[in-house]
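Me: Please take me through the assignments in this model and say what each one rests on.

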Amino acid sequence: MDKDLAQQKIENAQSREELTAIYNELFGKNGSLTVTLKELKNLSIEERKERGAELNIIKRELQDVYDVKWNTLSEVDTHKPPIDVTLPGERTVTGDLHLTTKAIDDIRRIFQKIGFYDYTYHEVEWEYFSFDTLNMGPTHPARDDFETFFVQGPVSSKYGRMVMSPHTSSGQAREMLRRQGPPIRMISIAKCYRPNWDASHTPMFHQFEGLCVDKNITINHLKGTIAHFAREYYGSDVKTRLRPYHFQFTEPSFEVDISCSVCNGTGMVDNRKCKVCKSGWLELGGAGMVHPHVLRSGNIDPEVYSGWAFGIGIERILMMRGSIEDMRPLYEGNVSLYYHNS
Ligand SMILES: [Zn+2]
């Protein structure tokens, strides 16, 4: 440790970056001055006192030199090459993925992590798979053309008319047939079509369907999977609940609710009813244990196997996460309105 040399080095530094490196060489954890101070313990008490006092004076002096030098150097690194104004500029990214696409990517990733595979079925589907396999008989109101888009095309004696698939549940029996039996752990993300147009409905929308069929599958598995999804997508403090409901293709059936993040599930904000949820809970989608009729449609014996399914609207969960009030602009040209929510 040579004091004069150290002082010279500090005084010759050309930039703050260089000065910082010199500082670390001297005063850092393994810096030369630090090491010299540590070595004092090997000396006798008398020597230690004397040398210690000397070294502390040197240390203070060098730190003073350092402080003065630091203030004389400007923050700009003088060693950097000058800017070449003739080089082309960096390209500015002007676009972004659509919010729905981002939500689909998130959902896919969350379910893939827990062992679900992703499979998508047709947008144009037979009535048979959209309704009959799902225990929705010929007189079910969903088969009315106020509820479903029918496609002008061939009519099958076995499968009926063609429709624009009104839900991802059309893939349930198809998946059971394709896999030729359990185990099934599918997540199906697809476009769906219904003739509606208002703040919370567009004629084309997206759903994702979870389907799990195996031996000894229970409501607990359904509940755990949905709770996992909600925590991953909305945050770890979100709570979920299943509320009894009715669907033709599940028994028992539930509506799935999640706790409202605006009022933290209390239903109240500043002593007033929460405007977003009114009750502390928000409806996420439908779910239930797969109806024996559906399992039989997929050639699966309901006496041996059981399963659960859920269907959730992607625009809906997107609206809930970003507190978007109208989903129609998602499919209009100008989505800049929503950029602050992404
Ligand atoms: Zn609320």
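**Strand pairing and helix exposure**

Reply: In this predicted model, D118 stands opposite I187 in β5.

Me: What makes β1 and β5 a pair, and in which sense do they run?

Reply: Pairing requires at least two bridges between the strands. β1 and β5 (residues 184-193) are joined by 2 bridges, so they count as paired; they run parallel.

Me: Which strands make up the open sheet that contains β1, and in what order?

Reply: The order is β1-β5-β6-β12-β11-β8-β7, 7 strands with mixed pairing. β1 (117-118) and β7 (240-247) each have a single partner strand, so they are edge strands with one side lacking a neighbour in the sheet. Helix α7 (residues 171-179) packs on this sheet and touches β5, β6 (204-214) and β12 (306-313). The direction of α7 makes about 140° with that of β5.

Me: How do you know that β2 and β4 pair?

Reply: The threshold is at least two bridges; β2 and β4 (residues 160-164) have 3, in the antiparallel sense, so they pair. Within β4, M162 is the bridge partner of W126.

Me: Why is α4 said to lie largely in the open?

Reply: A residue is buried if 20 or more other C-beta atoms lie within 10 Å of its own. Of the 28 residues of α4, 2 are buried, so the helix is largely in the open.

Me: How does the span of α4 compare with the expected one?

Reply: α4 (residues 45-72) reaches 41 Å from first C-alpha to last, close to the 40 Å expected at 1.5 Å a residue.

Key:
Residues are numbered from 1 along each chain as its sequence is written. This is a predicted model: local features need pLDDT of at least 70, side-chain atom pairs count only at pLDDT 80 or more; totals for chains, interfaces and linings use all residues. Helices (H or I, at least four residues) and strands (E, at least two) are DSSP runs, numbered from the N terminus. The expected span of a helix is 1.5 Å times one less than its number of residues. A residue is buried if 20 or more other C-beta atoms lie within 10 Å of its own, exposed if 12 or fewer, and partly exposed in between; C-beta atoms are placed from the backbone. Two residues are in contact if their C-beta atoms, placed from the backbone, lie within 7 Å. Axes are lines fitted to C-alpha atoms, for helices over the stretch in contact, and angles run from 0 to 180 degrees between N-to-C directions.
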